[in-house]
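Here's a quick briefing to read with the structure open beside you. Start with the picture, then work through the bullets topic by topic.

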Amino acid sequence: MEYDFIIVGGGSAGAVLAARLSENPANRVLLLEAGGRDRHPFYHLPAGFAKMTKGIGSWGWHTVPQRHMKDMVIRYTQARVIGGGSSINAQIYTRGNALDYDEWRQMGCTGWGYEDVLPYFRKAEDNDTYDNRYHGKGGPLGVSQPRAPLPICEAYFAAAGQLGIPRNLDMTGEVQDGVGFYQLTQKHFRRSSTATAYLRPARGRGNLHIKTGAQVLRILVENGRATGVQLADGAVRGAEVILSSGAIGSPRLLQLTGIGPADHLRAVGVPVVFDQPSVGANLQDHVDLFVIAECSGPHTYDRFAKPHLSALAGLQYLLMRKGPVASSLFETGGFWYADPAARSPDIQMHLGLGSGIEAGVAAMPQGGVTLNSAYLRPRSRGTVRLASADPLAPPLIDPNYWADPYDREMSIRGLKLAREIMRQDALKPFILAERLPGPKVQTEEDYFNYACAHAKTDHHPAGTCRMGVDAGAVVDPQLRFNGIAGLRVVDASIMPGVISSNTNAATIMIAEKAADMIKGAK
């Protein structure tokens, strides 16, 4: 069977595209996802996020040694399940700053300014609190207020206030600055992924075929046109191929196809189909540094790690949809400044209602609280490259963190800010002592050494198939691949610059907008 659209990747973008393009019964749509179905309950329980960075639904990849961070290797969780990142993330609904999108427009990406993209954020939303200029109701994606905050969250707000950081009731509204509760991609106290929000209602359509466990080996290109894809069990033909495999997966597949920097492709033994040096370049990501304090009592959800209390938490969720299972564990945070001259907030914080929540992060024996900080506008640029021509080999992921010394300086300023918040009087009834970085970390060298031992990704890669109008752009503002007909890229890889927050909501917006552009072009 030949399809009108073959979508490679069933994640935050691909699932949206499949649902929207199959709304027209004349469109024959095939969605291919390398991962499996989202049957495990951890994909649907809000607190299941704590299991996700530890391997469930992930490719299990790592970065190459980061040469500006003492060659540390960082676990790099990338989703391998239907729904993609929206099925395994912390469900935090943020959009970045309005100026992020206006900068895209200023780069020549017509139609991608904030006022252009805002309707697509609203179109996707079914917000349980707001229905106004900034938010919508009735869309597929559940967006909800946290169900299970703890008193320590209010103490965190008060502590930030003692440093002059205001409370913000809606950080995706008119103003981003301040601290508050993040809204979450949840509905009826369950995760609202693109698999459940978009695909599940569309599954009965006869014109939509969804195939999981289907890893695409390469894109078929004939006479300068994408004509289909090659799977392990055969080829599938389509009038248009849409690549939605994410900021790591999309450039990886393009390079496996022979589309990318010619010298690199020849070096790893891939025949060159199209020389495009920008494929896999321009990788941007937020690196995360954190403070962990031991609590003075059972003030966070760490106490539920004990088997009998864990069982009690499960029962509480089943009966009342409350408690730790109803929490994403990172539903509190905010945006503030490392550089006082920055155009908008350049630090994002996430308050973790426990310790050891993510892979590689220390747990406190008596229970603790975590405050993450991430610098939001890195100047450093990295790459995604192939290790070999083997389509099953992991890619070489190099975010190139702190290649620009400014990023290092701002990241450490963000960590210092997080420490200051945790030391304020408002949090003293809850905190026994800071354990990481700990009192010995004082000098700039101490901070650097601490970061090189404990830094992690914030899971926000972007930019590796960047959109633009210049000769080096991988896709144009309609997300059509420059130089190959019948091929588009629709995911976070098209962002010219990573947005100033979590990237999931923006990726869904990109797919909503792309679907309308594709419908208009057909």
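Let's begin inside: the lining of the second largest cavity has seven nonpolar, four polar and two charged residues. Keep in mind that this is a predicted model. From there we'll go on to pockets, a surface patch, salt bridges and a few backbone oddities.

**Cavities**

- Six cavities of 30 Å³ or more are found in the structure.
- The second largest cavity takes up about 90 Å³.
- Its lining is made of 13 residues, and Asp 285, Val 287, Pro 378, Tyr 401 and Asp 407 are the ones nearest the centre of this second largest cavity.

**Pockets**

- The largest pocket offers about 820 Å³ of space, and 35 residues line it.
- Look for Tyr 301, Asp 302, Phe 304, Ala 305 and Leu 329 if you want to find the middle of the largest pocket, as these lie nearest its centre.
- Helix H2 (49-52) and H10 are the elements that give two or more residues to the lining of the largest pocket. The largest share comes from H10, with three residues.
- Sorted by class, the largest pocket is lined by 18 nonpolar, twelve polar and five charged residues.
- The second largest pocket has a volume of about 320 Å³. It has 18 lining residues, and Glu 103, Arg 343, Arg 377, Pro 378 and Arg 381 sit closest to its centre.
- Helix H4 (residues 98-106) gives the largest share of the lining of the second largest pocket, three residues.
- How does the lining of the second largest pocket split by class, and how many residues are charged? Eight are charged, eight are nonpolar and two are polar.
- Pro 378 is worth a second look: this residue is among those nearest the centre of the second largest cavity, and among those closest to the centre of the second largest pocket.

**A nonpolar patch on the surface**

- Leu 312, Leu 315, Leu 318, Leu 319 and Met 320 make a nonpolar surface patch of about 540 Å².
- Leu 318 is in helix H10 (residues 307-320), and Met 320 is in helix H10 too.
- Are these two buried or exposed? Leu 318 counts as exposed because its relative accessibility is 60%, over the 50% cut-off. Met 320, at 44%, counts as partly exposed.
- For a sense of scale, the C-alpha atoms of Met 320 and Ala 515 are 38 Å apart, with their positions 195 residues apart along the chain.

**Salt bridges**

- There are 29 salt bridges in the structure.
- Asp 131 and Arg 122 pair up through their side chains at 3.8 Å, N to O. Arg 122 is partly exposed, at 29% relative accessibility.
- Glu 512 and Lys 123 form another salt bridge, at 3.9 Å, N to O. Glu 512 is in helix H13 (residues 504-521) and Lys 123 is in helix H5 (residues 114-124), so this pair ties together parts that are 389 residues apart in sequence.
- The two partners sit in unlike surroundings: Glu 512 is buried at 0% relative accessibility, whereas Lys 123 is partly exposed at 30%.
- Asp 233 and Lys 211 meet in a salt bridge at 3.2 Å, N to O. This pair also links distant parts of the chain, 22 residues apart: Asp 233 is in the loop between strand E14 (225-231) and strand E15 (234-243), and Lys 211 is in strand E12 (residues 208-212).
- Asp 233 is exposed, with a relative accessible area of 61%, while Lys 211 is partly exposed at 34%.
- Through shared partners, salt bridges join Arg 20, Glu 23, Lys 123, Glu 512, Asp 516 and Lys 519 into one network.

**Backbone oddities**

- Most residues other than glycine have a negative phi, and most peptide bonds are trans, so exceptions are worth a glance.
- Leu 436 and Pro 437 are joined by a cis peptide bond, with omega about 0°. Pro 437 is in the loop between strand E24 (431-436) and helix H12 (444-454).
- His 188 has a positive phi, near 55°. You'll find His 188 in the loop between strand E10 (186-187) and strand E11 (190-191), where it is exposed, with a relative accessible area of 64%.
- Leu 479 has a positive phi as well, near 70°. Leu 479 is in the loop between strand E25 (456-457) and strand E26 (487-489).
- Is Leu 479 buried or exposed? Leu 479 is buried, because its relative accessible area is 0%, under the 20% cut-off.

Terms used: Residues are numbered from 1 along each chain as its sequence is written. This is a predicted model: local features need pLDDT of at least 70, side-chain atom pairs count only at pLDDT 80 or more; totals for chains, interfaces and linings use all residues. Side-chain values use heavy atoms; hydrogens and water are left out. Helices (H or I, at least four residues) and strands (E, at least two) are DSSP runs, numbered from the N terminus. Buried means under 20% relative accessible area, exposed over 50%, partly exposed in between (1.4 Å probe, protein chains only). On a 1 Å grid over the protein atoms alone, a cavity is a set of points where a 1.4 Å probe fits but cannot get out, and a pocket is an open set with protein on both sides within 12 Å along at least five of seven lines; lining residues have an atom within 4 Å of a point. Grid points are joined across faces, edges and corners, and a volume is the space filled by probe spheres set on the points. Ala, Val, Leu, Ile, Met, Phe, Trp, Tyr, Cys and Pro count as nonpolar, Asp, Glu, Lys and Arg as charged, and the others, Gly among them, as polar. Patches are made of residues with over 30% relative accessible area and no salt bridge: like charges are joined within 9 Å, nonpolar side chains (Val, Leu, Ile, Met, Phe, Trp, Tyr) within 5 Å. Accessible areas come from the Shrake-Rupley method with a 1.4 Å probe; for residues, only the protein chains shown count as cover. A salt bridge is a side-chain nitrogen of Lys or Arg within 4 Å of a carboxyl oxygen of Asp or Glu.
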